Amino acid sequence: MKITDKPKRTKTKQYATGEEVLRKLVNKHEIVNKILEYRQLKKLKSTYVDALPELINMKTGRIHTSYNQAVTATGRLSSTNPNLQNIPIRTERGREIRKAFVPRDEHHVLLAADYSQIELRIMAALSQDEHLIDAFRKGLDIHAATAARIFGVSLEEVTSDMRRKAKTANFGIIYGISAFGLSERLSIPRKEAAHIINAYFEQYPAVKSYMDSCIHDAKALGYVETLKKRKRYLPDINSKNAVVRGIAERNAINAPIQGSSADMIKIAMINTFKALQERKLQSKMILQVHDELVFDVLKTEVEEVKEIVREEMEKALPLSIPTIVDIKTGDNWLEAH
DNA sequence: AATTTCACG
DNA sequence: ACGTACGTGAAATTA
């Protein structure tokens with residue numbers, strides 16, 4: 001439509017129209033927002049509303065996913081046919097879909113138990129950064145605590161904007177972020193993003209040296225590993241192509257963190273299943289979504305199951321800092337969140 | 001069959 | 001000069 005001078009192209013030379021591209025064009029033409037809204041509705045309808053009812057099992061009257069144990073590079077599970085690890089939650093219309101996931105009958109509730117900030121906790125434990133460890137031991141709001149440190153203010157002086165930036169930085173760090181990436185995500189100048197990253201590593205110096213050591217180990221050994229010694233091989237770590245090498249370096253930083261989190265929840269799943277069996281409970285573990293377990297719980301068993309699940313998840317793979325699990329119940333999956 | 005887009009952690 | 005945050009899977013579109 002000629003609403004931008006240098007339209008972005010995909011690698012096959014077509015016009016790129018992904019969400020990030022379109023969002024930069026919303027002020028150029030009134031149709032752009034309408035396209036974004038249309039896309040969202042189309043996605044939700046085709047992927048969930050239309051597809052899921054087709055997958056109801058004739059015998060059980062329920063839908064059953066398949067969990068794949070040997071697909072991902074990091075040790076996570078993946079879920080197919082249908083994928084129940086990407087059920088919507090972020091938008092209001094998406095949340096309507098999540099409400100459709102309900103307990104087996106009126107005598108049951110759904111119980112959702114999720115690890116709180118698990119990847120940041122693992123990064124604290126792996127890096128042994130004293131300030132990050134200290135924040136978790138004190139039970140602080142980790143994004144606010146990070147904001148206070150990187151912006152040099154007291155906890156009380158942290159504004160919502162400072163916290164938002166620190167939160168994005170925290171997630172970015174786990175992925176091996178660049179100043180460019182952070183600036184894009186926060187819509188701030190690259191210089192400011194670079195300052196935030198510099199401040200982050202000044203305030204959490206052991207995080208910086210831990211990340212450097214991940215890359216160093218990958219170059220020396222050809223792989224990195226998780227807390228439970230799961231390896232990810234990184235054959236591109238010494239590539240002469242800077243782009244290819246950069247991806248491998250970010251993998252070297254991220255894989256031990258994401259993979260150790262997967263180690264932890266897998267151990268928790270085994271031990272929780274055993275504990276429910278040993279106590280002859282009828283409640284069932286029904287879903288895993290990377291840092292969350294969902295149970296179909298007999299109402300009379302709620303308190304006992306809650307205790308067991310918290311205990312088994314929190315003690316599955318002890319770190320040098322507390323592991324916290326948040327638990328909620330509800331009459332549908334959204335309410336249990 | 002490959003690519004693009006977008007849903008989740 | 002160049003590209004630029006990790007891990008997935010499904011549906012629609014393009015080749």
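Strand 6 and strand 7 form a hairpin with three residues between them, where strands, like helices, are DSSP runs numbered from the N terminus (at least two residues of type E for a strand, at least four of type H or I for a helix). In the turn of this hairpin, H290 has a positive phi of about 70°. The model is predicted, and local features need pLDDT of at least 70, side-chain atom pairs count only at pLDDT 80 or more, and totals for chains, interfaces and linings use all residues. Residues are numbered from 1 along each chain as its sequence is written, chains are lettered from A and ligands numbered from 1 in the order in which they are written, and side-chain values use heavy atoms, with hydrogens and water left out.

The two strands of the hairpin pair in the antiparallel sense over four bridges; strands are taken to pair if DSSP finds at least two bridges between them. One bridge joins Q288 to L293 in strand 7. Strand 7 (residues 292-298) also pairs with strand 3 (residues 108-115), again in the antiparallel sense, over seven bridges. Here D114 has E292 of strand 7 as its bridge partner. These strands belong to an open sheet of four strands, antiparallel in its pairing, with the order 6-7-3-8. Strand 6 (284-288) and strand 8 (325-330) are the edge strands, each pairing on one side only. On average, neighbouring strands of the sheet are turned by 25° against each other, direction ignored; such angles are taken between axes, which are lines fitted to C-alpha atoms (for helices over the stretch in contact), and run from 0 to 180 degrees between N-to-C directions.

The protein also lies against DNA. Around DNA strand C there are 31 residues, of which A73, S78, G172, R185 and R232 are the closest; a residue is near a strand if one of its heavy atoms lies within 4 Å of it. Sugar and phosphate make up 66% of the atoms of DNA strand C that come within 4 Å of the protein. By class, this surface has eight nonpolar, 17 polar and six charged residues, with Ala, Val, Leu, Ile, Met, Phe, Trp, Tyr, Cys and Pro counted as nonpolar, Asp, Glu, Lys and Arg as charged, and the others, Gly among them, as polar. Helix 2 (31-49), strand 2 (78-80), helix 7 (160-175), helix 8 (179-186) and helix 11 (242-278) each supply at least two residues. Helix 11 gives the largest share, five residues.

Polar contacts to DNA strand C involve both backbone and side-chain atoms; a polar contact is a pair of N or O atoms within 3.5 Å (within protein, one must be able to donate a hydrogen and the other to accept it, and residues adjacent in sequence count only if both atoms are side-chain atoms). A polar backbone atom of A73 is 2.8 Å from a phosphate oxygen. The backbone of N81 likewise places an N or O atom 2.8 Å from a phosphate oxygen of this strand. In N83, a side-chain N or O atom is 3.0 Å from a sugar or linking oxygen.

DNA strand B has 22 residues around it, and T10, T17, E19, K43 and D291 come nearest. Of its atoms within 4 Å of the protein, 76% belong to sugar or phosphate and the rest to bases. The surface near DNA strand B holds six nonpolar, nine polar and seven charged residues, and helix 2 provides the largest share, four residues. Two side chains approach bases of this strand: an N or O atom of K43 is 2.7 Å from a base oxygen, and one of R76 is 3.1 Å from a base nitrogen. A backbone N or O atom of I89 lies 2.8 Å from a phosphate oxygen.

Two backbone features were noted in loops. Most residues other than glycine have a negative phi, and most peptide bonds are trans. The peptide bond from N81 to P82 is cis, with omega near 0°, and P82 is placed in the loop between strand 2 and helix 3 (92-98). Q128 has a positive phi, near 55°, and lies in the loop between helix 4 (118-127) and helix 5 (130-137).
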